[in-house]
Amino acid sequence: MTVPPYRTSVVIAAPPEAVSPYLTRADAVVTWMGDYAVLDAVPSGVFHLDINGVPVRGRYLGLDPPHRLLKSWGHAGSDRLPPGSSTVEITLTPIPGGTRVSVEHRDLPPDDAAQHAAGWPHFLARLSVAARGDDPGPDPFATATTGNG
């Protein structure tokens, strides 16, 4: 059983072309989310991201840079949310003064929905800082979760 898709968005003061690499390049994604990444942003390419001790594993399922990407998502070693068991769709829509980044996370199990509902706004706020060229600084979630793995 899964919950309805989780949806959220953020406005970033940068064009889609400046935001898109923060979703597809390993060196860019770790500036706002996670501490280690292996990304191959092509259809069926690897999406591996370690977020504060949680090994997220999936594949890029669809890409239309700089407008949209679809990737599978799950946690290595998890029975509740194994790799590839959920999907994340991210759309980048140009708006006056920047980009609206919309996230829809589908097929989350009920026990994981609240954690992801807290995580996405946190990380999108960090993305909004990084994508406009600023440093979001150390992730406060990292210090809060260290040793709780």
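# Exercises on a predicted model

The structure holds four aromatic pairs, and it should be kept in mind throughout that this is a predicted model.

## Exercise 1: an aromatic pair between strands

Work out how the rings of Phe-47 and Tyr-60 are arranged, and which parts of the chain the pair ties together.

**Solution.** Begin with the geometry: the ring centres of Phe-47 and Tyr-60 are 5.7 Å apart and the planes stand at 90 degrees. Ring centres within 6.5 Å make a pair, and planes over 60 degrees apart count as edge-to-face, so the pair of Phe-47 and Tyr-60 is edge-to-face. Next, place the two residues: Phe-47 belongs to strand 3 (residues 46-51) and Tyr-60 to strand 4 (residues 54-64), so the pair ties together parts that are 13 residues apart in sequence. Then turn to accessibility, where buried means under 20% relative accessible area. Phe-47 has 1% and therefore counts as buried, and Tyr-60, with 0%, is buried as well. Finally, look at the surroundings, where Phe-47, Tyr-60, Trp-73 and Trp-120 form one aromatic cluster.

## Exercise 2: an aromatic pair between helices

Decide whether Phe-123 is buried or exposed, and describe the aromatic pair that Phe-123 and Phe-141 form.

**Solution.** The rings of Phe-123 and Phe-141 lie 5.9 Å apart from centre to centre, with 85 degrees between the planes, and this pair is edge-to-face. Since Phe-123 is in helix 4 and Phe-141 in helix 5, the pair ties together parts that are 18 residues apart in sequence. Phe-123 has a relative accessibility of 5% and so counts as buried, whereas Phe-141, at 31%, is partly exposed.

## Exercise 3: the sheet

Find the order of the strands in the sheet, and explain which strands stand at the edges.

**Solution.** Seven strands form an open sheet, and reading across it gives the order 1-7-6-5-4-3-2, with antiparallel pairing. Strand 1 (6-12) and strand 2 (36-39) are the edge strands, and because each has a single partner strand, one side of each is left without a neighbour in the sheet. From one strand to the next, the twist averages 20 degrees.

The pairings can now be followed one at a time:

- Strand 3 and strand 4 are antiparallel and share six bridges, and Leu-49 stands opposite Val-56 in strand 4.
- Strand 5 (residues 68-73) runs antiparallel to strand 6 (residues 86-95), with six bridges joining them, and Leu-70 has Glu-89 in strand 6 as its bridge partner.
- Strand 6 and strand 7 (residues 98-106) are paired over nine bridges, again in the antiparallel sense, and Thr-93 is found opposite Arg-100 in strand 7.

In the hairpin of strand 6 and strand 7, two residues lie between the strands, and Gly-97 there takes a positive phi near 85 degrees.

## Exercise 4: helix 4 and the loop after it

Where is the kink in helix 4 centred, and what side-chain contact does Asp-134 make?

**Solution.** Start with the length of helix 4, whose 22 residues reach 31 Å from the first C-alpha to the last, close to the 32 Å expected at 1.5 Å a residue. The kink, of about 25 degrees, is centred on His-116. Just after helix 4 comes Gly-133, with a positive phi of about 100 degrees. Asp-134 lies in the loop between helix 4 (110-131) and helix 5 (140-145), and its relative accessible area of 39% makes it partly exposed. The side chain of Asp-134 makes a polar contact, at 2.9 Å, with the side chain of Arg-132.

Definitions and conventions:
Residues numbered from 1 in each chain as written. Predicted model: local features only at pLDDT ≥ 70, side-chain atom pairs only at ≥ 80, totals over all residues. Heavy atoms only, no water. Pairing = 2+ DSSP bridges. Helix = DSSP H or I, 4+ residues; strand = E, 2+ residues; numbered from the N terminus. Buried < 20%, exposed > 50% of the residue type's maximum accessible area, 1.4 Å probe, protein only. Polar contact = N/O pair within 3.5 Å; in protein donor to acceptor, adjacent residues only side chain to side chain. Expected span 1.5 Å × (residues − 1). Bend = angle between axes of the 7 residues up to and from the residue. Phe/Tyr/Trp six-rings, centres within 6.5 Å; stacked < 30°, edge-to-face > 60°. Axes fitted to C-alpha atoms, helices over the stretch in contact; angles between N-to-C directions.
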